[in-house]
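Morning, everyone. Please look at the sequence and the fold on the screen while I talk. I'll take strands, then a pocket, then salt bridges.

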Amino acid sequence: MIDPSRLHRGALTRAATFENPTAAPGGGGRAGAGRKGAPSRVLAPGERVRLAEVEGPGRVTHLWATFAATDGATSPAVARSQLLEVSYAEVDAPSISVPAPDLFGAVHGIRTPYASALTAVNEGRGYTSRMPMPFAGGIAIDWENRSRSPVTLYYQVDLLLGAGTHDAETGFLHATFRRENPTAPGTDFTITDGLEGPGRFLGMTGGVRVLEPERWWGEGEVKIYVDGDTDLPTVCGTGTEDYLDSAWGLGTFAAPETGAPAVFAAEGEPEHHHRLVSFYRWHLSDPVVFDERLRVTIQQIGASSFGVGQEAEWEAFRAAHQPAAGGWPAVDRLPVFALYERSDDWCATAFTYCARPQVVAPCALAVAIADLPETRRGLRLVLRR
């Protein structure tokens, strides 16, 4: 991804902050005569600010931010009420519209420390993205505090402008947030759909609020439909944790292209009784490309086992759940391993590069913040040994 020996001759290094949102040369540190005059700003409830507005061609190479409610109570709902939108000069509405924490991988508004190849939440409070955001005519980046609390925001947008930053093989980054609370049994959750190619699916951050924690939720397969695919996809995985390069259940981990930073069980409950889960998947070394259309979905399929002596439990389970993939196992006696259709609370922020900028659906923050925990109190991370 990065060749540090490249000199980028003809390009220009720039940075946007509250003191220099246009990233003007020689414009950093204007306030306080260059002595740390105005590195942050308090955003009132409902206030929207422009983080950067720059003409192109160029690319955002790095975006860092940190924020906190001024009363010190930065709940998941306050965190997820921070809206981040990015617009390109070629279109009249944003091509990125997402809850700010989800762009960085802090799903559910929970700031669990982790690091990946593209994103990190360092020490649980330093939000970082190194997803390239190329632009041709220009770019504008906005942040809006839609919470009911004043929020102190710090940020920096690093850019490379000019020669070599944009050509015919360069895509524009698009990002959308979706949530279904709850999903419908037997209907796959859509991660992304509707963008036109040529393009490349970069990946996603996402998560689950598990509504039936006593049973395993992650047997669903990720399906990637490209171009002419209709009923069946070109790419179909083998299970949710398998898509994340894990196996046999899921615990907390972070690798360069896949990870599950937050896998929470409730205090006092078994570790495999998950309550909240967040994860990310980047298609860097395994590109997903399309010419015309892309649709990515994931099934909500669970699994439950019943052993000898659990005949009554097995009968009750079958009466209360819908079987997946052709009905219940054809067995006359236990033990049995049963797959079934689940309903959980799923969300995903999808990242896709497209050859031309396109408008995306505005992020519905009221949907994003519903049913979030007030704090992490009562939850514990699941660390597999």
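Two strands count as paired if DSSP finds at least two bridges between them. Keep that in mind. One more thing up front: this is a predicted model.

Start with a sheet. Which three strands form it, and in what order? The order is β23-β25-β24. The sheet is open, and the pairing is antiparallel. The edge strands are β23 and β24, the latter covering 322-323. Each of these edge strands pairs on one side only.

Now zoom in on one pair. Strand β25 spans residues 336-341, and its antiparallel pairing with β23 runs over six bridges. Want a residue to click on? Take Ala 303: its bridge partner in β25 is Leu 339.

Next, strand β22, residues 293-298. It pairs with strand β14, residues 189-196, in the antiparallel sense over five bridges. Thr 190 has Thr 297 of β22 as its bridge partner. Strand β16, residues 222-226, also pairs with β22, again antiparallel and over five bridges. There, Val 222 is matched with Ile 298.

Stay on β14 for a moment. Thr 192 lies in this strand. Is Thr 192 buried or exposed? Its relative accessible area is 3%, so it is buried. What does Thr 192 touch, beyond residues up to four places away in sequence? The list includes Leu 294, Arg 295 and Val 296. Thr 176, Arg 178, Phe 201, Ala 350 and Thr 352 are also on it.

On to the pocket. I'm showing the second largest one, with a volume of about 450 Å³. How many residues line the second largest pocket? The lining has 19 residues. Nearest the centre are Trp 216, Glu 219, Trp 248, Gly 249 and Phe 337. Two elements give two or more residues to this lining: α3 (240-243) and β23 (301-306). β23 gives the most, with three residues. So β23, an edge strand of our sheet, turns up again here. By residue type, the lining divides into seven nonpolar, five polar and seven charged.

Last topic: salt bridges. A search of the whole structure finds 21 of them. I'll show three.

The first pair is Asp 345 and Arg 209, with the closest N and O atoms 2.9 Å apart. This pair links distant parts of the chain, 136 residues apart. Asp 345 sits in strand β26, residues 345-354, and Arg 209 sits in strand β15, residues 199-209. Asp 345 is buried, at 3% relative accessible area. Arg 209 has 21%, so it counts as partly exposed. The cut-off for buried is under 20%.

The next pair is Arg 342 and Asp 344, at 2.7 Å between the closest N and O atoms. Both residues are buried.

The last pair is Glu 53 and Arg 50, at 3.4 Å, N to O. Glu 53 is partly exposed at 46% relative accessibility. Arg 50 is partly exposed too, at 37%.

Which residues join Glu 53 and Arg 50 in one network of salt bridges that share partners? They are Arg 48, Glu 85, Asp 142, Glu 144 and Arg 146.

That's the tour. If you click on one residue afterwards, try Thr 192 in β14.

How values were computed. Residues are numbered from 1 along each chain as its sequence is written. This is a predicted model: local features need pLDDT of at least 70, side-chain atom pairs count only at pLDDT 80 or more; totals for chains, interfaces and linings use all residues. Side-chain values use heavy atoms; hydrogens and water are left out. On a 1 Å grid over the protein atoms alone, a cavity is a set of points where a 1.4 Å probe fits but cannot get out, and a pocket is an open set with protein on both sides within 12 Å along at least five of seven lines; lining residues have an atom within 4 Å of a point. Grid points are joined across faces, edges and corners, and a volume is the space filled by probe spheres set on the points. Helices (H or I, at least four residues) and strands (E, at least two) are DSSP runs, numbered from the N terminus. Ala, Val, Leu, Ile, Met, Phe, Trp, Tyr, Cys and Pro count as nonpolar, Asp, Glu, Lys and Arg as charged, and the others, Gly among them, as polar. Buried means under 20% relative accessible area, exposed over 50%, partly exposed in between (1.4 Å probe, protein chains only). Contact means heavy atoms within 4.5 Å. A salt bridge is a side-chain nitrogen of Lys or Arg within 4 Å of a carboxyl oxygen of Asp or Glu.
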